[in-house]
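Thanks for making time. I have one structure to show today, and I will go through confidence, then the sheet, then the aromatic rings.

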Amino acid sequence: NSLIVQSRFMLLESLLIFFVLLAFFSYLRFHNAHSRVKYMGLFSYLLLLGVDSVHSWKLIGDQALSVFIQCVCKVLCLLVVPVLLYVFWFYIHLSVLNRSGPHDQLMSSAFQASLQGGLSRITQGQPLEVVYGSQVTLRSSASQPVSCWLHSHKANYPIRYENGRGSSHQQQVTCYPFKDVNNWWIIKDPGR
């Protein structure tokens, strides 16, 4: 309603109201998007580049300043240095943190196999393709919100339940949300 009223009088507040509402809407979308990636660092960086671009545009006509040297310095300070710092910290992170840890099950099996210790001890020397003798884990991607792995137990189902109903008396196999040694299965040749 306020946009309609403001536009009837051709006032500038309609643009202000629009962008304020857009800012609130954007904030609420980011706040409610828990499962998506947040790009606050990127947006802040782009805002900084935008503000500096406007500032540089205003300085282009000033004859007293060396525009070329200022542009080179800004490119170095706003583009080259941040990219180098970003790559440097990832290099440090990946060179130091290459060992298995307590929360590896949240990562993909391929990433876990690249870490020292943990999963790489089990899969060392195995082919990437599944063949007889391979040790594998089977994960259900349909289970929500967390995927789970086929998990075996040492316990068997009872022969008879308390209500008199019969049972298979076979080994218990369930779906388990964390990786452990009971999630590993060996592919065997059915002819042997």
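Start with confidence: pLDDT averages 79 over the chain, and 83% of the residues score at least 70. This is a predicted model, so please read the rest with that in mind. Where does confidence in the chain run lowest, and where highest? The low end is helix α1, residues 2-8, with a mean of 65. The high end is strand β5, residues 185-186, at 88.

Next, the sheet. Three strands make up an open sheet, ordered β2-β3-β4, and their pairing is antiparallel. On the edges sit β2, residues 139-140, and β4, residues 171-176, each of which pairs on one side only. Strand β3 covers residues 148-156, and two bridges join it to β2 in the antiparallel sense. To find the register on screen, look for Ser140, which stands opposite Cys148 in β3.

Last, the aromatic rings. How many aromatic pairs does the structure hold? There are two. I will take one, formed by Phe88 and Trp89. A ring pair is described by the distance of the centres and the angle of the planes. For Phe88 and Trp89 the centres are 5.1 Å apart and the planes are at 70°. The pair counts as edge-to-face because that angle is over 60 degrees.

Are these two residues buried or exposed? Phe88 has a relative accessible area of 40%, so it is classed as partly exposed. Trp89 has 52% and is classed as exposed, because the cut-off for that class is over 50%.

That is what I have; questions are welcome.

Definitions and conventions:
Residues numbered from 1 in each chain as written. Predicted model: local features only at pLDDT ≥ 70, side-chain atom pairs only at ≥ 80, totals over all residues. Heavy atoms only, no water. Pairing = 2+ DSSP bridges. Helix = DSSP H or I, 4+ residues; strand = E, 2+ residues; numbered from the N terminus. pLDDT = per-residue confidence, 0-100. Phe/Tyr/Trp six-rings, centres within 6.5 Å; stacked < 30°, edge-to-face > 60°. Buried < 20%, exposed > 50% of the residue type's maximum accessible area, 1.4 Å probe, protein only.
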